[in-house]
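User: I should like to go through the terms used for this model and the values behind them. Please begin once the structure is shown.

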Amino acid sequence: MPIVIRPLGDPDVGQVVSLWDATGLTRPWNDPHRDIARARAVWPELLLVAADGDRVVGSVMAGYDGHRGWLYYLATDPERRGEGTGRMLVAEAERRLEALGCPKVMLMVREGNDAVTDFYDAIGYVRDATSVLGKRLIPDA
């Protein structure tokens with residue numbers, strides 16, 4: 001069955017959180033269920049899954065603030081890596097962001113995650129000389 005890229009639906013949430021856990025994307029200070037709910041409240045069509053039938057094999061969360069687009073939580077099932085799912089998810093997120101008038105898309109990769117950085121290098125992303133600073137406004141814990 002071919003992989004279909006589509007917006008996340010309610011039945012997908014548990015599978016997506018499990019996928020994020022399996023791929024090391026979750027952190028104790030970010031409740032993934034709350035992250036999904038927050039994203040769906042603003043841009044529900046930008047939280048995408050790659051589905052093979054009823055099975056979620058990938059996800060990406062995109063956002064757009066009117067200035068820049070952002071990609072978060074790109075994940076593919078470890079057993080399905082190398083099939084192009086990550087590329088398909090990024091391409092669809094980019095297409096949707098561009099349709100909204102988004103001029104540039106950004107993302108963050110944790111230090112030392114060279115395999116992910118290499119993936120993004122291979123699909124045309126370049127490293128910007130910036131620092132990312134953050135401040136928690138609403139604790140998830």
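Analyst: Tyr73 lies in strand E4, strands being DSSP runs of E with at least two residues and helices runs of H or I with at least four, numbered from the N terminus. The model is predicted, so local features need pLDDT of at least 70 and side-chain atom pairs count only at pLDDT 80 or more, while totals for chains, interfaces and linings use all residues. Residues are numbered from 1 along each chain as its sequence is written, and side-chain values use heavy atoms, with hydrogens and water left out.

User: Why does Tyr73 count as buried or exposed?

Analyst: Buried means under 20% relative accessible area, exposed over 50% and partly exposed in between (1.4 Å probe, protein chains only). Tyr73 has 13% relative accessibility and therefore counts as buried.

User: What makes the phi of Tyr73 notable?

Analyst: Most residues other than glycine have a negative phi. Tyr73 is not a glycine, yet its phi is positive, about 50°.

User: Why are H1 and H2 called oblique?

Analyst: Helix H1 (residues 13-22) and helix H2 (residues 32-42) pack at about 125°, with axes 10 Å apart. Axes are lines fitted to C-alpha atoms, for helices over the stretch in contact, and angles run from 0 to 180 degrees between N-to-C directions. Angles under 35 degrees count as roughly parallel, over 145 as roughly antiparallel, 65 to 115 as roughly perpendicular and the rest as oblique. H1 and H2 are therefore oblique to each other.

User: Which residues of H1 and H2 meet?

Analyst: Val13, Val16, Val17 and Trp20 in H1 meet Pro32, His33, Ile36 and Arg40 in H2, contact meaning heavy atoms within 4.5 Å.
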